[in-house]
Every structure is written in structure tokens, then in C-alpha cells.
Amino acid sequence: MTSGKFGEYGGQYVAETVMNSLKELERAYLHYTSEPAFKAELRDLLNDYAGRPSRLYYAEKMTRDLGGAKIYLKREDLNHTGSHKINNVLGQALLAKKMGKTRVIAETGAGQHGVASATAAALMGLECEVFMGKEDTERQALNVFRMELLGAKVHPVTSGTMTLKDAVNETLREWASRLDDTHYIVGSVVGPHPFPVMVRNFQKVISEEIKEQVLALENRLPDAVIACVGGGSNAIGAFYDFIGDKEVRLIGCEAAGHGVDTPKNAATIANGTVGILHGMKSYFCQDVYGQIAPVYSISAGLDYPGIGPEHAHLLDIHRAEYVPITDDEAVDAFNYLSRTEGIIPAVESAHAVAYARKLAGTMSKDKIIVINLSGRGDKDVAAIARYMGVKIHE
Amino acid sequence: MNRIKEAFKNDKKALISFIMGGDPDIETTEKLIFALAEAGVDLFEIGIPFSDPAADGIVIQQASVRALEKGCTADDLLNMVKRLREKITAPIVFLTYANSIFAYGKERFMERCADCGIDGVIVPDIPYEEKAELAEVCHKYNIAQIALVAPTSKERTEMIAKEAQGFLYCVSTLGVTGVRDEIRTNMAEIIQRVRSVSDVPCAVGFGISTPEQARDMASVSDGAIVGTAIVKIVGEYGRDCAEPVRQYVSRIREEMDTL
């Protein structure tokens, strides 16, 4: 972990003002994560506080219904705070505390990372401020209140498209103005080095557990691991330990919104080109002059015009594949999983469920698919009702 | 690059202005450059508007939005500089985020810069560690790759200064661009560190809004950069901004000339 590059991607494309803080963070990260005491403390937090290891559930009805590969759900939705985000946040908040920081700031899209950050901050006695696109504060009003209940201050971001990318810009600005006592808890495998490496390492527990659990149940590796991709933290977490196992297909599902051929989508791999934003070189949705495109998805968590640099590299070396899933397909899958298995998934995770529905039937019954169910859908119920034209307010 | 050297050569301190290209439109930007020249500006920074200016405060963000709404592109600004070059002899540099150059094509961008009479580029999101991204093409087309040092640079200051080209942009405060009531950073100390390893001219920017601040910052360095305060006037007066900007910048020039 020195160059911070994944092939040609990644790097540290940030203002000089924050460079020393990134160096300090990298040093602290390497120091503490090699210490047995830190590792033990984090493991205890993940197990006793967040509820790890998360379950690997055999979705028998879904398997029977689709008539092909055996489907397992990795239940990150059962973690404390309702998604995989807590894995990374506990790691970074603990690190921030060891570094003597007294305040954490975070960006959030759907609000899951903001809620996780506010939670960890409450637990560890850190001040917490969350930046959230104004449009997202309206789409996810419940999560805003949840963060406030946890003692965090939420700043609605009104610049640009008022969504996740603008929240990242605003959090970067805030960090550059107050570095001494503040750590920026980046929520995905994006941003300048060391964030993509650090966040991946805090999330890779997902794939390590999947491997152990599938081996115990089936005595073999899965044939495919499917996860949704915005910035890509749950996906890299679910993929990482399988990267060396070439027989395991790694499939990321990106948000195609109204469709990849329409102006309203967030399908970075399908439509993006290589560029530089938020401290990293990667793929981005942009025009010929490099202006970042206003992207769209029903899912606030996937509504991001870029993708983590390690995913860009995995794509280039043909180790992972990325497929677009539309709003309609995701909402269908949201309903499908709710009715078939009694599990309401986050609309983000529903993108992965949607692709599994297409894939399972094309595979024989002796094959195994693992879907990373990255979050639960409680936060999405109101938005899905709106999408389906159902009035739930009196 | 020699034009930059000229700008710092005379006895007076260099006055550097920043305006956002295409704000509120290209025609006004052209008029502004002449007004700034008349007010005694020695070096012009022109911003290329970008959708996600993460190093800028609200005033310059809004200027970017205004320029982009009018459809301003890098090509429009390159063509404008080429026209200006018939009359303007002072150095002109682009202040641009990395993605604008990268999307245009690094080589093609620098080639066009050289052809249109651009002397340098300031790229706030390319720090020392990533400067190789542009070093080769900048060298090939004789475009100065202007580096920044910040109050947080500390021991990095010497490393950056040693390889600095054109002039060194010394950031006076933490955070993003924008006016500040007072500048508390000890700039003299930062410039001392630079001087210990390099004789590159140092200009101080970020937060300067009054003639007195400009004078104070220039007194410990080789020049002062005024950006947000000018862009604010542009935002206020729109297409009629040239004269109020000229008056404002003339007052800064007068105050700096008392040094």
C-alpha cells in the first residue's frame, strides 16, 4: 500500500492543503491495523456491537421459483444500522479516535453511511456532522431524523445536482477547512488514497465470511457473487477474497435508472469514460469537456457518477463484470424478494437481486450464486410506494 | 514561461487577478481582461468552469455555474486567449481542475495552450505526488506547471519549492477559495522555507479581499493574488462589471505600490 494505484486508477488528486493529512492517515492506518490490540478491539465491536458474522441464508423458495442455480443471500441487511456500511465506519471511527481526532464528518447518499457514522460517533463519543444532498434529504427524510436522534448534525447540500457527488464535494471542502481535529469518514471505496484501500480492507470481512460459510455448507466455492455498485464498497467487500479464485464470477450491478440509453441513469461502466474526480482517477459519467454528468437512479445510494478505482481495474483486467439494472427491474426485485422470502431489501441491494433473477435460470441446479444483500429496505418503503403510485399518507 | 518571469522582474510587487472564464459570458470576460490590464494587473489567471469545483468556495462555485449555463467550454476560452494575445502582453495562465485537461486530452490541451498564448496552468487537484500526470506534456509545450503550497505543507514546502516552475502559489488559509476577514497564517515563515531552497517568485492567494490585505501579503512575498473579491463584483454587476472591477483593482494596485 504505497502507490495507491490500481493499475492506472486511484491516486491522490486533491488539494495540497489536505496532502499531509492523507499521509498522516496512511501512517496511522498502517500502524494501528498491524497492532493486535486494535485488531481485537475492532473485532469485538464488529461481533458484539454490529452483530457479525452476518448470516448466509439459503433462499430456498427463490431458488425453486427461478429453477436454476442455488441462491444464497449474504445478510448484511441484518447488521446493526441496517447495512454493510457499519463495517467500514467502525474501523474508521476507531482509527480516528486512536489518532486523537474529536470530530468526524461524512457524506451520505441514501443516508445509510450517515446513519452508520452517526452511530459510531455516538458510541465513541465523537462529534459528527453529515453532508447530504438536499434532494436526498427529502427522499430519505427518515434517515435524516435518525441521524439527528443519534446526535449528529445534518447539512443539506444545495450545490450542483444536490445529490451524493455534491455531498462528497462539500465534505471535502469542510475537511480542507478543519483538518486538525477532524477525520473524514469516506463511505465507499472512492476518494484519494488511502481511502479506497482502507475502506476495502474494512469491508473485505464480507467475502472472507462468505467463503468460510459456503465452504462449510457446500464444501465448494460459489460460481457467482453478485452485488450492487455505486461507489462499490459492498461489492468490493463481497468480491475481494474471491479475486484469486478465477472460477468465481464477480458481478457488479450498476444503476441504469430509466435505461442506459436514456439521459436518466447512473451506469458508470456502461456510459462512463476515464476521468479524475474526488481525488481519484477512475470511470465517470461525463461529457467531452469533462463536466460531470447529472446522474439519476431511484436509489440514492447508487446515484453516483463514478466508481471506485479498484473496480475500474478489475473491469480492465476482466476479473469482474458490471451489468446495468433499471429502476423498474430493481423495484420488481424489491417486491419479489419481499413476497418470496419475506425479506425487504434496500432498493440498492434490489439491483443485485434483479440480476440474480436473470442469471439463476440460465445456470444448472448444481451451481451456486451468492447475492450480497447489502442493506435492508425499511428506509425505502415510502419511496417505493411513491414509485408504485400508492398513497400511504392520510 | 518567459512572460511569467517578466511579470515578477520589475521592482514593484506583482498583482495577480483571477476571474472565471465565461462568467457571465465570453464577451464580458474579454472586456474584463482589458479593464484589469488597465488597473495594473501583472498576470492573469483565467478559470475554466468545472461542474465539481471541490477546492472552491461558494462565490467561485456560483461563477462556474453561471459560465456553464452559458455553455462556456475550454475551446471558447482558448479561442478567446488567442484573440487577447494580439493586444495583451502580460502572462495568462489557466486555473483548471485536472478533469478538464484530462477529458480534453493532455497533449492536445497543452498544444492548444501553447498555440493560443497560455503561459502556465494551475491545477489545484494535482499535488506534487501526481505532477507526473502533466509534467511531460507541459515541458514539451513550454507551459509552466504552477505548484501550490499550503499552511499545512510544512516539510513538504521545500520539496515542492525545489521543483517549482513559473511562480509558486502560496495558499494563505485552510479551506477553499473565498474572502477572509483576517489572514492569520505566518506567510513570512512559509516564504522563508521556500527561499531556503529556491528563488522562484512567491505569490500569496486565498482570502485576500482588501487593498490592505493585498499590501500586507505582498510585503512578505513577490505578489498578491486576488480572486473571489473580483468574482463577487462580477456576480453583482454582470455584464456591466468591467468598470467597477477596474476601480476596485486600481485601489489594490495603488496600495501595493506604496511598498
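Okay, let's start inside chain B, with what sits over one of its helices. The buried residues of H4(B) are covered by, among others, helix H2 (26-39), strand S2 (43-47), strand S3 (92-95), helix H5 (98-104) and helix H6 (106-116) of chain B. Before going on: this is a predicted model, so please hear everything today in that light.

So which residues of H4(B) are buried? H4 runs over residues 74-84 of chain B, and the buried ones are B:Ala74, B:Leu77, B:Leu78, B:Met80, B:Val81 and B:Leu84. If you look down the axis of H4(B), those buried residues fall within an arc of 160 degrees, so they line one face of the helix.

Now a second helix in that chain, H9, residues 187-195 of chain B. Here the buried residues are B:Met187, B:Ile190, B:Ile191 and B:Val194. Down the axis of H9(B) they fall within an arc of 95 degrees, so again we have buried residues lining one face of the helix. And what is on the face turned away from that buried side? There you'll find the exposed residues B:Ala188, B:Glu189 and B:Gln192. As for the cover over the buried residues of H9(B), it includes strand S6 (148-149), helix H8 (156-162), strand S7 (168-171), strand S8 (202-205) and helix H10 (211-219) of chain B.

Let's zoom out to chain B as a whole. You're looking at 12 helices and nine strands. Its radius of gyration is 17 Å, close to the 18 Å that the globule rule gives for 259 residues, so chain B is as compact as a globular protein of that length. Along the principal axes, the C-alpha trace of chain B spans about 45 × 40 × 30 Å. Buried residues account for 60% of the 259 residues in chain B. And if you take the contacts in chain B between residues at least 6 apart in sequence, 74% of them join residues at least 24 apart.

On to chain A. This one has 16 helices and 14 strands. For its 394 residues, a compact globule would have a radius of gyration near 21 Å, and chain A has 19 Å, which agrees. The C-alpha trace of chain A spans about 55 × 50 × 45 Å along its principal axes. In chain A, 61% of the 394 residues count as buried. Of the chain A contacts between residues at least 6 apart in sequence, 73% join residues at least 24 apart.

Next, a pair of helices in chain A. People describe two packed helices by the angle between their axes and the distance between the axes. For H14 (residues 327-341) and H15 (residues 347-360) of chain A, the angle is about 90 degrees and the axes are 7 Å apart. That makes H14(A) roughly perpendicular to H15(A). Who meets whom? From H14(A) we have A:Glu329, A:Ala330, A:Asp332, A:Ala333, A:Phe334, A:Tyr336 and A:Leu337, and they meet A:Val347, A:Ala350, A:His351, A:Val353, A:Ala354 and A:Arg357 in H15(A). Sorted by class, the residues of the contact of H14(A) with H15(A) come out as nine nonpolar, one polar and three charged.

Keep A:His351 and A:Ala354 in mind, as they come back with A:Cys253. That cysteine sits in strand S10 (residues 249-257) of chain A. Is A:Cys253 buried or exposed? It's buried, because 30 other C-beta atoms lie within 10 Å. Leaving out residues up to four places away in sequence, A:Cys253 touches A:Ile226, A:Cys228, A:Val229, A:Val323, A:Ile325, A:His351, A:Ala352, A:Ala354 and A:Tyr355.

Now look at A:Lys211, in helix H10 (residues 205-218) of chain A. With 18 C-beta neighbours inside 10 Å, this lysine counts as partly exposed. Setting aside neighbours within four places in sequence, A:Lys211 is in contact with A:Asp241 and A:Phe242. The C-alpha atoms of A:Lys211 and A:Asp245 are separated by 11 Å, and these two are 34 residues apart along the chain.

Last stop, where the chains meet. How many residues does each chain give to the contact? It takes 27 from chain A and 32 from chain B. On the chain A side, the elements giving two or more residues are strand S2 (9-13), helix H1 (16-33), helix H8 (164-177) and strand S11 (273-277). H8(A) gives the most, with six residues. By class, that side of chain A has 12 nonpolar, 12 polar and three charged residues.

How values were computed: Residues numbered from 1 in each chain as written. Chains lettered and ligands numbered in written order. Predicted model: local features only at pLDDT ≥ 70, side-chain atom pairs only at ≥ 80, totals over all residues. Contact = placed C-beta atoms within 7 Å. Helix = DSSP H or I, 4+ residues; strand = E, 2+ residues; numbered from the N terminus. Nonpolar A, V, L, I, M, F, W, Y, C, P; charged D, E, K, R; others polar. Axes fitted to C-alpha atoms, helices over the stretch in contact; angles between N-to-C directions. Parallel < 35°, antiparallel > 145°, perpendicular 65-115°, else oblique. Buried ≥ 20, exposed ≤ 12 C-beta atoms within 10 Å, placed from the backbone. Arc of directions from axis to C-beta. Rg over C-alpha atoms; globule rule 2.2 N^0.38 Å.
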